[in-house]
Amino acid sequence: MIGEEKMERMSHFYGIDDHGGQQEAGGTAPRQRRAARAPQAAPKRRRRRGRNTIAYALLVLITLVGALVLCLTVFFKVNEITISGTNRYARDELIQSAGIAVGDNLLRMDANRIEEVLVANYPYIESVTVKKAFPPAVQINISEAVPMANIVNADQYVLISTQGRILETGLLAPIPDVPVVNGVGTIAGKGGEKMDEALWENVQMLQYVSKALETIGFSGVDNIDLSDRLDIVFTYENRIQIHLGSEGEMEKKLAFAKRVIEEELEPTFEGVLDASNPGQLRARPSSVLQTPGESEEAAAEDGAQSDSTQEAN
């Protein structure tokens, strides 16, 4: 009995199996159990890592959402609104029309909407630029429309800008210091709108001749007649009618007429200048212009005797 118990303990310690074979010390059973558990432990670790990743992602998302909410509600509140470029409209009126106020969130302001609202509601505002600045502030820069012409529209006048924008309608008298223009056509639009496309060709011609006047510094033109595109007529200081022919070489013809008026004609001269031929100008005093009841032949004969011709040097 004692011998059998001793042998059993030794066989357990040295790993001797029932068939007399010797196993390694400690036996294989523990390793087999560990090997059996190993495939089960790996998925558990992967599940734990997966749960941790989701938790981190949710934490980051919550943090970002919280930061965004703070930015849109607490931070970036506008401290100042400035407006430049116009004295025609009151600052508070423009701010109210734009729908903004001090304390509004800078990030939530729609700059494009502000620009569109102001241009649409104020005829003399040609364009608007809205800038957002830090510390939180809004800068509204306005470009005012520049009047270009009083367009004769039936028995009234329509004031338009250099960009073809209608500024005022239904005027009973022209705006001072702005030329009166005939021959553009009938205007049906209202203040703040662009000229009708059907009239745009005439507007472009008006822009062209206005630019030519500005380029050479020819001021004092009271009236422009575009009725005949082959015989464009200007009236200077309500005393000299200048015939320029077509738009070809407009600047050259105007520059020559300007020089003759300033250097060759008497300051009180009244009459007609024919500057349709570049480099040559004919002056006819008003005393020889056709009078009621006088035939064109008689006026032409008197004009032939009184004409003076100037040529460019």
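## Contacts around Ile151

Contact here means heavy atoms within 4.5 Å. The structure is a predicted model. In it, Ile151 touches Gln156, Tyr157, Val158, Ile160, Val181, Val184, Gly185, Ile187 and Leu206, leaving aside residues up to four places away in sequence.

Ile151 also belongs to the largest nonpolar core, which has 39 residues. Ile151, Leu206, Ile224, Phe234, Ile242 and Leu273 are the residues with the most contacts inside that core. Several elements each supply at least two of the core residues: the strands β4 (147-153), β5 (156-161), β8 (221-225), β9 (233-236), β10 (240-243) and β12 (280-285), together with the helices α5 (200-216) and α6 (250-263). A second core, separate from this one, has 25 residues and includes Val78, Tyr89, Leu106 and Ile140. In soluble globular proteins, nonpolar side chains tend to be buried together.

## The chain overall

The chain has 313 residues, and 32% of them are buried. Its secondary structure comes to seven helices and 13 strands. Of the contacts in the chain with a separation of 6 or more, 49% are between residues 24 or more positions apart.

## Helices α5 and α6

Both α5 and α6 supply residues to the core of 39 residues. The axes of α5 and α6 come within 9 Å and cross at roughly 50 degrees. Angles of 35 degrees or more but under 65 count as oblique, and α5 and α6 are therefore oblique to each other. Their crossing is right-handed.

On the α5 side, the residues in the contact are Tyr208, Val209, Ala212, Leu213, Thr215 and Ile216. They meet Met250, Glu251, Leu254, Ala255 and Lys258 of α6. By class, the residues of this contact divide into eight nonpolar, one polar and two charged.

## Helices α3 and α4

A second helix pair is formed by α3 (residues 91-98) and α4 (residues 111-121), whose axes come within 9 Å and cross at roughly 120 degrees. That angle makes α3 oblique to α4. The crossing of α3 with α4 is right-handed.

From α3, the residues Leu94, Ser97 and Ala98 take part in the contact. Their partners in α4 are Arg113, Ile114, Val117 and Leu118. The contact of α3 with α4 has five nonpolar residues, one polar and one charged.

## Backbone features in loops

Phe134 and Pro135 are joined by a cis peptide bond, with omega about 0 degrees. Pro135 sits in the loop between β2 (125-133) and β3 (137-144).

Two residues other than glycine have a positive phi: Ala154, at about 60 degrees, and Asp177, near 65 degrees. Ala154 lies in the loop between β4 and β5. Asp177 is in the loop between β6 (166-171) and β7 (180-182). A residue counts as exposed at over 50% relative accessible area. Ala154 is therefore exposed, with a relative accessible area of 73%, and Asp177 is exposed at 83% relative accessibility.

Key. Residues numbered from 1 in each chain as written. Predicted model: local features only at pLDDT ≥ 70, side-chain atom pairs only at ≥ 80, totals over all residues. Heavy atoms only, no water. Axes fitted to C-alpha atoms, helices over the stretch in contact; angles between N-to-C directions. Helix = DSSP H or I, 4+ residues; strand = E, 2+ residues; numbered from the N terminus. Parallel < 35°, antiparallel > 145°, perpendicular 65-115°, else oblique. Left-handed = near helix turned anticlockwise from the far one by under 90°. Nonpolar A, V, L, I, M, F, W, Y, C, P; charged D, E, K, R; others polar. Core = buried A, V, L, I, M, F, W, Y, C linked by side-chain atoms within 4.5 Å. Buried < 20%, exposed > 50% of the residue type's maximum accessible area, 1.4 Å probe, protein only.
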